[in-house]
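This report examines how a few elements of a protein model are arranged. Please keep the sequence and the structure in view while reading.

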Amino acid sequence: MGLAVCATPIGNLEDVTLRVLGELAAAELVLCEDTRHTRVLLERHGVRAARGALLSYHQHNEAKRVGEVLPRLLAGQRVALVSDAGLPGVNDPGARLVRAALEAGVPVSVLPGPSAVETALVASGLVGEQYRFVGWLPRRVKELRALWEELAAWPHPVVGFESPRRVGATLRSLAAVAPRREVAVCRELTKRFEEVVRGEAADVAALVGDGVKGEVTLVIGPAEAETRGGAGLASRAAVVAGESREARLVRAQAAVGRLVEAGCPRRVAVDVVADLCAVPRNELYRSSL
């Protein structure tokens, strides 16, 4: 019968397709990232899998499971593969089994369904003719900076996954190099407390602070939007150039104060405002304390 790769809901259990439910009911073996999670989905829709049909398949046992499952596929068994949310193989275990099955001549079918990437992209309002998916965003500061440099000229939106605890730091890192680039923090998509926060990187970083709760998908607007913002910054620079140094410093101190009150870390606020107001960073930091 072959291998069926089944997309499952990214939050709301009502989003599963009829094809997926039918496949899970008919499969002789269901490979699950977490059997408990999959069992909740099956029970919610009254689907009875064959006794003992649920088998764990995750990043820590993927290599072992491929060796166990491939002979069963070659013997003609009907196997379904699911992850906890979304489509297996896209930032979730599954690609290794799919590749092994195809190389062995086993039929592989994909049953599409909900996608956090495309849902966030449309909800952000930043959707275009193309987009780039970067998976989980880097954790290290240097790797994040390298990514921002790589995306500096990318003229389409970018979508990535981020930890709710790290999203604030990630946005501050982006704001330090592109404060006016448009972003959208999409939290708990399809769930009861779904929320999408949109705005410029510096503003959203200040709103998010040290982090949020729930699963996060981050959408970053195209670089051309930042380029348009750059023209605005050039005009602003022309204005402040005619001001006295003292006047620029006073205005900069007020701006830093507002950002800090909104929850933005002082050092990030100083980095952004110092560039905008053309004042020395160290002096602005000391005078803003």
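How many bridges join strand β1 to strand β5? The model is a predicted one, and in it 4 bridges connect β1 with β5, a strand formed by residues 108-111. These two strands run parallel.

## Strand β1 and its partners

Strand β1 spans residues 2-6 and is mostly covered, since 5 of its 5 residues are buried. Within its pairing with β5, alanine 4 is found opposite serine 109.

Strand β4, made up of residues 78-82, also pairs with β1. This pairing is in the parallel sense and extends over 4 bridges. Here valine 5 lies opposite leucine 81 of β4. As a general point, side chains in a regular strand alternate between the two faces of the sheet.

## The crossing of helices α10 and α12

Helix α10 comprises residues 245-261, and helix α12 comprises residues 281-288. Their axes come within 10 Å and cross at roughly 60°. Angles from 65 to 115 degrees count as roughly perpendicular and those under 35 degrees as roughly parallel; α10 and α12 are therefore oblique to each other. Their crossing is right-handed.

On the side of α10, the contact is made by Arg245, Leu249, Ala252, Gln253 and Val256. On the side of α12, Glu283, Leu284, Ser287 and Ser288 take part. By character, the residues of this contact between α10 and α12 comprise 4 nonpolar, 3 polar and 2 charged.

Conventions: Residues numbered from 1 in each chain as written. Predicted model: local features only at pLDDT ≥ 70, side-chain atom pairs only at ≥ 80, totals over all residues. Heavy atoms only, no water. Axes fitted to C-alpha atoms, helices over the stretch in contact; angles between N-to-C directions. Parallel < 35°, antiparallel > 145°, perpendicular 65-115°, else oblique. Left-handed = near helix turned anticlockwise from the far one by under 90°. Contact = heavy atoms within 4.5 Å. Nonpolar A, V, L, I, M, F, W, Y, C, P; charged D, E, K, R; others polar. Buried < 20%, exposed > 50% of the residue type's maximum accessible area, 1.4 Å probe, protein only. Pairing = 2+ DSSP bridges.
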